[in-house]
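Please open the model in your viewer and keep the sequence panel beside it, since each stop on this tour begins with a selection.

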Amino acid sequence: MTTQNQTFRPSPTALLNPRCDASFKAMFTAGTKDSDAALKDFISTVLNRPVKEVQVMQNEPPVQIITESQMSFDVSVKFDDGERIDLEMQTRQENYDYGARAEIQLARLLSTNNKIGDEWSTPAAYQISVLNFEFDKDDKSPLSWYNMRKENGRQLSGKLNVIFFDLIKIHRLLGKPVESLSKLEKWGLFLSYADDERQTGYIDAIIKSEGGLMSAKSSLLTVSQDELNWVRQNSIFKAMEDRHASMHNGMKKAREKGLQEGREQGLQEGREQGLQEGRKEGLQQGIQEGRQQGLQQGLQQSKLEIARNALSMGLSIEQITQLTGLSKDEIENMSD
């Protein structure tokens, strides 16, 4: 609970961070004239077509679990013609495939909008994800629109539409003359820097150039005065920081454990390899020494045999010594 003297708002003029999914949703779904106008203008800008009426569908998370980082703060919208949109802000890149995630979410949205007996005339569905990170670094365009098409580019039905709005690619436009910016680029810069007081003058100039952005700024000002929105935003960022720190510590411990296990395994394998190489080297050395010893023994036997034959022929010990290289004692002992 908060008290009158306690506030989570940094200053009386501070704005919520629209890149926080909860604050993003609060700005577009406050139920005021400004929030409705901002939502219609943003969707019209992304889809590049006029949007007259939109209905915000109920998609509220339980208030008592605002610290849960897994919960959804998507903006669920239905057009007057029945088309559906899931609009979300993705603050940071997680370790999963965002393309597959968007397709699965979009398929669910389309299937829930389908009615039995409508002969597959279900209105189109759109998954619009505003990303505070680069989804495709090779694509220089901040807006990427994906749907099912044939290899030659022919569209299948246009029912499934995945749209990524990459804010990181918008950052390079900061400081560019307002009159040379497209409406989409202005929205991107507003979402990227609306809460940055260092860019207030430049962003205000952008806001004044577009009625939809003026409504968005007014709505953001309104929801920024609600202390609960600051509690929710701070709780989400704290949960994200804790999770990041936990992942970092976990990776560090895993790395250290891996190094330790690697050293131990390396030592064990080194010992075993050393023993094997030692056995191999010892075997080779033994074979060599055995061969040399065998040759020496064979040579000695040959000398002794020659000496016996020489004695039987009546040669003297001195003559036999010169002939075989045996010593006098070896010849005399042999004769015994």
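Begin by selecting L131, F135, D136, D139, S141, P142, S144, F164, D166 and K169, the residues that line the largest cavity of this predicted model. The space inside this largest cavity comes to about 50 Å³, and the structure holds 1 cavity of 30 Å³ or more. If you colour the lining by residue class, you will find that it divides into 4 nonpolar, 2 polar and 4 charged residues.

Next, select residues 33–47, which form helix α2. From the first C-alpha to the last, the 15 residues of α2 reach 21 Å, close to the 21 Å that would be expected at 1.5 Å a residue. Within this helix, highlight S35, A38, L39, D41, F42, I43, S44, T45, V46 and L47, which are its buried residues.

Step just past the end of α2 to N48, and display its backbone torsions. What sign does the phi of N48 have? The phi is positive, at about 60°, although N48 is not a glycine. As background to this stop, most residues other than glycine have a negative phi. N48 lies in the loop between α2 and β1 (54–56). Is N48 buried or exposed? With a relative accessibility of 69%, N48 counts as exposed, because the cut-off for that class is over 50%.

Now move on to helix α5, residues 200–208, and pick out Y202, I203, I206 and I207, which are the buried residues of this helix. Turn the view until you look down the axis of α5: its buried residues fall within an arc of 140°, and so they line one face of the helix. A general point about geometry helps in reading this view: an α-helix has 3.6 residues a turn, so residues three or four places apart point the same way. Rotating to the face of α5 that is turned away from the buried side, select G201 and K208, the exposed residues carried there.

For the last stop, go to helix α7, which covers residues 227–312, and select R232 within it. R232 counts as buried because its relative accessible area, at 14%, is under the 20% cut-off. Add N229 to the selection and show both side chains, which are joined by a polar contact of 3.2 Å. With this pair in view, you have a charged residue, R232, that is buried and whose side chain has a polar contact with that of N229.

Conventions. Residues numbered from 1 in each chain as written. Predicted model: local features only at pLDDT ≥ 70, side-chain atom pairs only at ≥ 80, totals over all residues. Heavy atoms only, no water. 1 Å grid on protein atoms, 1.4 Å probe; cavity = no way out; pocket = protein on both sides within 12 Å on 5 of 7 lines; lining within 4 Å. Points joined across faces, edges and corners; volume = space filled by probe spheres on them. Helix = DSSP H or I, 4+ residues; strand = E, 2+ residues; numbered from the N terminus. Expected span 1.5 Å × (residues − 1). Buried < 20%, exposed > 50% of the residue type's maximum accessible area, 1.4 Å probe, protein only. Polar contact = N/O pair within 3.5 Å; in protein donor to acceptor, adjacent residues only side chain to side chain. Arc of directions from axis to C-beta.
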